[in-house]
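Open your viewer, get comfortable, and let's take a walk through a protein chain together. At each stop you will hear what to select and what is there.

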Amino acid sequence: MEIIKVKDYDEMSAKACSYIIEKIKQLQAPVLGLATGSTPEGLYKSLIQQYNEQNVSFNDVSTFNLDEYVGLENDDPNSYHFYMNEKLFKHIDIEQNHIHIPNGVAENLDNECQDYEQQIMDAEKVDIQILGLGLNGHIGFNEPGTPFSSRTHIVDLDESTRKANARFFDSIEEVPKKAITMGLDTIMQSKEILLLVSGASKREALDRLLNGDISEEFPASILQQHEHVTIIADKSALEG
Ligand code: F6R
């Protein structure tokens, strides 16, 4: 794993942005794996800025998001469909049919998981998967205890994850209890992984990811087994 240490959140976002743009320019039909949450917001802002300055086009880019809540319609402000549209897609030249996000209101959720997994494999895998890090070591919504062999599946969200995400909702009761997520094995199939970590609250999780045992009890530890992981982390996430 390569670790790029940066000063703060803004530098993390700027570095991640140049990293992604470089990849987009190298590849003919880049496939990006995207995350939501607070961590990549600055990256998405920077990508929009670079697009506005005509330094990058997303015309040939396809995207696969990591996850979506079960039960939230696409236009629900807390859905990840809404997040991605507001924070990135509606501002850039990506083709609508190149965007993939699990459908959390599908009639048959098991079929939706299988279809989603198949679409990723049909795209010949994700070239670069962007990840944030959960306080309990989750990546995507793969909570502690998720088998390393998992593919796209339905999860019961941990109480700690629901609490952490309650900041986006009016109350914790409104945070869905289930989500669809790419599995750990799905994530590991990505050709390359870019993990972004910012802030002192993530320090313990990052330390465990870098130095702890590889264990299903700490899902992110699986990344130690991936051959191409780059971590961009700021000082407060890295230093005790
Ligand atoms: C979001 C996702 C999650 C987040 C993680 C960190 O699509 O898959 O794993 O990356 O919960 O969230 P933030 O960035 O809000 O701290």
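Start by selecting phenylalanine 58. With a relative accessible area of 2%, phenylalanine 58 is buried, since buried means under 20%. Keep in mind throughout that this is a predicted model.

Now add tyrosine 51 to your selection. The ring centres of tyrosine 51 and phenylalanine 58 are 6.4 Å apart and the planes meet at 55°, so this pair counts as tilted. Is tyrosine 51 buried, exposed or partly exposed? Its relative accessibility is 25%, so tyrosine 51 is partly exposed.

**Next stop: tyrosine 80 and tyrosine 83**

Select these two residues together. Tyrosine 80 and tyrosine 83 make an edge-to-face aromatic pair, with 6.4 Å from centre to centre and 65° between the planes. Both belong to helix 3 (residues 80–87), where they sit 3 residues apart, about one turn of the helix. Here is a handy rule: an α-helix has 3.6 residues a turn, so residues three or four places apart point the same way. Tyrosine 80 is buried at a relative accessible area of 9%, and tyrosine 83 is buried too, at 10%.

Stay in this spot and show lysine 87. What does lysine 87 lie over? Look for the face of tyrosine 83: lysine 87 is 5.4 Å from the ring centre.

Now widen the selection to Tyr44, Tyr69, Tyr80, Tyr83, Phe141 and Phe169, which form one aromatic cluster. How many aromatic pairs does the structure hold? The count is 8.

**Next stop: helix 2**

Tyr44 from that cluster is also one of the buried residues of helix 2, so select residues 41–52. Helix 2 has 12 residues and should span 16 Å at 1.5 Å a residue; its end C-alpha atoms are 17 Å apart, which agrees. Colour Gly42, Leu43, Tyr44, Ser46, Leu47 and Ile48, and you have marked residues of helix 2 that are buried.

What do the buried residues of helix 2 pack against? Show helix 1 (9–26), strand 2 (31–34), helix 3, strand 6 (128–131) and strand 9 (193–197), and you will see the partners. Then step just past helix 2 to glutamine 54, which takes a positive phi of about 60°.

**Next stop: a loop with positive phi values**

Most residues other than glycine have a negative phi. With that in mind, go to the loop between helix 4 (109–122) and strand 6, where you will find glutamate 124. Although glutamate 124 is not a glycine, its phi is positive, about 60°. Glutamate 124 counts as exposed, with 61% relative accessibility.

Move on to lysine 125, which is also placed in the loop between helix 4 and strand 6. Lysine 125 has a positive phi near 75°. Its relative accessible area is 31%, so lysine 125 is partly exposed.

**Last stop: the whole chain**

Zoom out and select everything. In cartoon view, look for 8 helices and 10 strands. The C-alpha atoms fill a box of roughly 45 × 45 × 35 Å along the principal axes. For 240 residues, a compact globule would have a radius of gyration near 18 Å, and the chain has 17 Å, which agrees.

Try colouring by burial: buried residues make up 53% of the 240 residues. Switch on the surface as well, and the chain exposes about 11,100 Å², with carbon and sulfur atoms supplying 43% of it. Finally, among contacts with a separation of 6 or more, 79% come from residues 24 or more positions apart.

Key: Residues numbered from 1 in each chain as written. Predicted model: local features only at pLDDT ≥ 70, side-chain atom pairs only at ≥ 80, totals over all residues. Heavy atoms only, no water. Phe/Tyr/Trp six-rings, centres within 6.5 Å; stacked < 30°, edge-to-face > 60°. Buried < 20%, exposed > 50% of the residue type's maximum accessible area, 1.4 Å probe, protein only. Helix = DSSP H or I, 4+ residues; strand = E, 2+ residues; numbered from the N terminus. Lys NZ or Arg CZ within 6 Å of the ring centre and 35° of its normal. Rg over C-alpha atoms; globule rule 2.2 N^0.38 Å. Contact = heavy atoms within 4.5 Å. Areas by Shrake-Rupley, 256 points an atom, 1.4 Å probe, with all protein chains shown as cover. Expected span 1.5 Å × (residues − 1).
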